[in-house]
Amino acid sequence: MPGVQPSPDHGLPALERPDPPAAAPGDPEEADWAARRREAAAQRARMLRASRSAETARAERIVRAFLSAASAEGLEPVALRAKGYGGGSARTPLRGWYLRADRTVAIDVEGRFYILTRQLGLRDRLLGVCPSPDPVPLTIGEGGRDGDVVPLRFALDRLLPGWEGRSGTPLV
């Protein structure tokens with residue numbers, strides 16, 4: 001093409017191209033840059049933790065309001081079961097409500113959130129399992145496939161339609 005000059009290293013394999021000039025290993029400029037990058041990464045991590053903590057606190061308030069409404073209206077909890085990745089299920093000591101139709105996540109009567117899918121062995125299927133609670137999310141299925149993401153409030157509304165209006169607790 002007229003007017004376009006090839007670069008001086010054009011045609012050289014990547015390993016033969018000269019490296020860009022770098023700061024000397026003991027250079028204060030390089031140390032300052034690395035320190036700034038570490039501090040920026042630490043600040044982002046602090047902000048992410050604070051954001052997740054605030055989201056969990058808000059979700060826990062929503063669940064507490066739901067539990068109050070469910071109790072007042074007599075919504076009966078059911079025995080919760082864990083589902084195996086390869087099929088099958090196992091008993092748990094938990095009672096509560098499934099938040100998804102596929103019964104993979106639930107809240108118990110204390111308001112703790114559980115992901116109920118796991119690897120199940122023969123012993124688990126026979127004797128049952130005791131899942132550990134996870135932080136309550138505002139959005140169920142975040143990071144999953146399209147259509148699998150459900151806001152917590154919508155999932156709770158499927159269990160007890162119109163509960164928010166009757167809860168008496170502002171959920172803002």
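Here is an informal look at a sheet, two pockets and some salt bridges in this predicted model.

## The sheet

Let's start with the strands. Five of them, 5 strands in the program's numbering, make an open sheet, and reading across gives the order β4-β3-β2-β1-β5. The pairing in this sheet is mixed. At the edges sit β4, covering 113-115, and β5, covering 117-118, and each of these pairs on one side only.

Take a look at where β5 joins on. Its partner is strand β1, which runs over residues 78-84, and β1 and β5 pair in the parallel sense over 2 bridges. If you want a spot to click on, try K83: its bridge partner in β5 is T117.

## The largest pocket

Next, the open spaces. The largest pocket holds about 250 Å³ of space. Its lining is made up of E55, D102, T104, V105, F113, I115, T117, P137, T139, I140, G141 and E142. Two elements, β4 and β6 (139-140), are the ones that give two or more residues to this lining.

T117, the bridge partner of K83 in β5, turns up here as well, as one of the residues lining the largest pocket. What kinds of residues make up the lining of the largest pocket? They divide into 5 nonpolar, 4 polar and 3 charged.

## The second largest pocket

The second largest pocket has about 160 Å³ of space. Around it you'll find R52, E55, T56, F113, I115, D134, P135, V136 and P137. For this pocket, the elements giving two or more residues to the lining are α1 (28-73) and β4. Helix α1 supplies the largest share, with 3 residues.

By type, the lining of the second largest pocket splits into 5 nonpolar, 1 polar and 3 charged residues. Some names may look familiar: E55, F113, I115 and P137 line the second largest pocket, and E55, F113, I115 and P137 are also among the residues that line the largest pocket. The edge strand β4 gives two or more residues to the lining of the largest pocket, and β4 does so for the second largest pocket too.

## Salt bridges

Now for the charged side chains. The model has 4 salt bridges by the rule used here. One of them joins the side chains of D102 and R100, at 3.4 Å from N to O. D102 is partly exposed, with a relative accessibility of 33%, while R100 counts as buried because its relative accessibility is 18%, and the cut-off for buried is under 20%. You have met D102 already, since it is one of the residues lining the largest pocket.

Another salt bridge links the side chains of D108 and R112, at 2.7 Å from N to O. Is D108 buried or exposed? D108 is buried, with a relative accessible area of 2%, whereas R112 is partly exposed at 38%.

## A link between two helices

One more salt bridge is worth a visit: the side chains of E164 and R153 meet at 2.5 Å, N to O. Which helices do E164 and R153 lie in? E164 lies in helix α4 (residues 163-167) and R153 in helix α3 (residues 152-159), so this pair ties together parts that are 11 residues apart in sequence.

Both ends come out as partly exposed. E164 has a relative accessible area of 26%, and R153 is partly exposed at 26% relative accessibility.

Notes:
Residues are numbered from 1 along each chain as its sequence is written. This is a predicted model: local features need pLDDT of at least 70, side-chain atom pairs count only at pLDDT 80 or more; totals for chains, interfaces and linings use all residues. Side-chain values use heavy atoms; hydrogens and water are left out. Two strands pair if DSSP finds at least two bridges between them. Helices (H or I, at least four residues) and strands (E, at least two) are DSSP runs, numbered from the N terminus. On a 1 Å grid over the protein atoms alone, a cavity is a set of points where a 1.4 Å probe fits but cannot get out, and a pocket is an open set with protein on both sides within 12 Å along at least five of seven lines; lining residues have an atom within 4 Å of a point. Grid points are joined across faces, edges and corners, and a volume is the space filled by probe spheres set on the points. Ala, Val, Leu, Ile, Met, Phe, Trp, Tyr, Cys and Pro count as nonpolar, Asp, Glu, Lys and Arg as charged, and the others, Gly among them, as polar. Buried means under 20% relative accessible area, exposed over 50%, partly exposed in between (1.4 Å probe, protein chains only).
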